[in-house]
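Subject: Structure for your review

Dear colleague,

Please find below the sequence and the structure that I am handing over to you. My findings follow directly after them.

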Amino acid sequence: MAVHDHPHRHQGFRFPSLRRAGTAPASADETTAAATATRAYVFAGLRLLTGFVFLWAFLDKTFGLGYATPSGKGWIDGGSPTKGFLSGVTVGPMESTFHDWAGAAWANWLFMLGLLGVGLALILGIGLRLAAVAGTAMMALMWIAEWPPAQHLSDGSPSMSTNPFVDYHLIYAVVLIALAAAGAGATWGLGRAWARLPFVSRNRWLL
């Protein structure tokens with residue numbers, strides 16, 4: 001049975017209006033400004049969360065907070081931030097190279113300074129371009145260490161890789177690049193003040 005109350009009216013689903021009666025519709029400029037502000041807050045939140053990932057990794061590996069690094073095994077206790085991971089690499093074109101690097105003092109320092117530098121840059125909202133370069137280099141090396149394209153490890157056992165290309169290291173690298181490109185340090189950060197410093201304004205790569 002069909003009901004035709006209004007045969008000449010177009011019947012379709014419509015969302016209810018969110019405007020109050022008598023309120024003029026928002027102008028294009030106001031809509032654009034609101035979208036820009038929302039985007040700035042979203043990027044700022046993503047920046048802070050990503051920064052905490054890097055900074056927490058530094059703190060846990062330095063002090064052995066009992067999460068990824070057991071208590072008493074921190075860097076300050078004589079533990080090596082790179083030995084466990086790099087010596088455990090069992091696949092990929094740089095397997096033997098990573099084994100040689102595992103536990104080396106220079107590797108420990110570079111890795112830990114990278115975590116600290118990227119983490120602080122993101123939290124403070126400064127030097128995001130440098131953070132993107134350093135963080136992407138770190139993520140690229142870690143991606144190679146895990147080598148997702150391999151279906152089998154060096155000993156022939158299954159690698160258990162879930163994707164031959166995209167993993168969380170690649171996602172982090174893309175996020176770092178996006179944050180730098182968007183100038184995400186200006187909101188909830190010191191990006192604007194940092195950009196006004198004379199040596200930064202003369203060297204834009206420091207932004």
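Contact, as the word is used in this message, means heavy atoms within 4.5 Å. Please bear in mind throughout that this is a predicted model.

I begin with one residue to which that cut-off applies. Phe-111 is found in helix α4. Leaving aside residues up to four places away in sequence, Phe-111 touches Lys-61, Pro-81, Thr-82 and Met-138. One of these partners, Pro-81, is 30 residues from Phe-111 in sequence, yet the two C-alpha atoms are 7.8 Å apart in space.

Thr-82, another of those partners, belongs to the loop between α1 (28-63) and α2 (83-87). Is Thr-82 buried or exposed? Its relative accessibility is 5%, and buried means under 20%, so Thr-82 counts as buried. Not counting residues up to four places away in sequence, the residues that Thr-82 touches are Ser-87, Trp-101, Ala-102, Gly-103, Ala-104, Ala-107, Asn-108 and Phe-111.

Ala-68 is found in the loop between α1 and α2 as well. Ala-68, however, is exposed, with a relative accessible area of 67%. Between Ala-68 and Ala-57 there are 8.2 Å from C-alpha to C-alpha, at a separation of 11 residues in sequence.

Overall composition

The protein contains eight helices and zero strands, and its pattern along the sequence reads α-α-α-α-α-α-α-α. Of the 207 residues in the protein, 28% are buried. The protein exposes about 13500 Å², of which carbon and sulfur atoms supply 66%. If one takes the contacts between residues at least 6 apart in sequence, 62% of them join residues at least 24 apart.

Helices α1 and α4

Helix α1 has 36 residues, which should span 52 Å at 1.5 Å a residue; the end C-alpha atoms of α1 are 52 Å apart, in agreement with that value. The buried residues of α1 are Ala-44, Arg-47, Thr-50, Gly-51, Phe-54, Leu-55, Phe-58, Asp-60 and Thr-62. The cover over these buried residues includes α4 (105-124), α5 and α6. After α1 comes Gly-64, with a positive phi near 60°.

Helix α4 has 20 residues and reaches 28 Å from its first C-alpha to its last, close to the 28 Å expected at 1.5 Å a residue. Its buried residues are Ala-107, Asn-108, Phe-111, Met-112, Gly-114, Leu-115, Val-118, Gly-119, Ala-121 and Leu-122. Phe-111, with which I began, is thus among the buried residues of α4. What covers the buried residues of α4 includes α1, α3 (95-101), α5 and α6. Just after α4, Gly-125 has a positive phi of about 80°.

The pairing of α5 and α6

Two packed helices are described by the angle between their axes and the distance between the axes. How do the axes of α5 (residues 128-146) and α6 (residues 168-182) cross, and within what distance do they come? The two axes come within 8 Å and cross at roughly 170°. Angles over 145 degrees count as roughly antiparallel, and α5 and α6 are therefore roughly antiparallel to each other.

On the α5 side, the residues that meet α6 are Leu-128, Arg-129, Ala-131, Ala-132, Gly-135, Thr-136, Met-139, Met-142, Trp-143 and Glu-146. On the α6 side, they are Tyr-168, His-169, Tyr-172, Ala-173, Leu-176, Ile-177, Leu-179 and Ala-180. The residues of this contact of α5 with α6 divide into 13 nonpolar, three polar and two charged.

Two positive phi values outside glycine

Most residues other than glycine have a negative phi. I would therefore draw your attention to two residues with positive values.

Met-160 is a residue other than glycine, and its phi is positive, near 65°. Met-160 is found in the loop between α5 and α6 and is exposed, with a relative accessible area of 67%.

Trp-188, also a residue other than glycine, has a positive phi near 55°. The place of Trp-188 is in the loop between α6 and α7 (191-196). At 52% relative accessibility, Trp-188 counts as exposed.

Yours sincerely

Note on methods:
Residues are numbered from 1 along each chain as its sequence is written. This is a predicted model: local features need pLDDT of at least 70, side-chain atom pairs count only at pLDDT 80 or more; totals for chains, interfaces and linings use all residues. Side-chain values use heavy atoms; hydrogens and water are left out. Axes are lines fitted to C-alpha atoms, for helices over the stretch in contact, and angles run from 0 to 180 degrees between N-to-C directions. Helices (H or I, at least four residues) and strands (E, at least two) are DSSP runs, numbered from the N terminus. Angles under 35 degrees count as roughly parallel, over 145 as roughly antiparallel, 65 to 115 as roughly perpendicular and the rest as oblique. Ala, Val, Leu, Ile, Met, Phe, Trp, Tyr, Cys and Pro count as nonpolar, Asp, Glu, Lys and Arg as charged, and the others, Gly among them, as polar. Buried means under 20% relative accessible area, exposed over 50%, partly exposed in between (1.4 Å probe, protein chains only). Accessible areas come from the Shrake-Rupley method with a 1.4 Å probe; for residues, only the protein chains shown count as cover. The expected span of a helix is 1.5 Å times one less than its number of residues.
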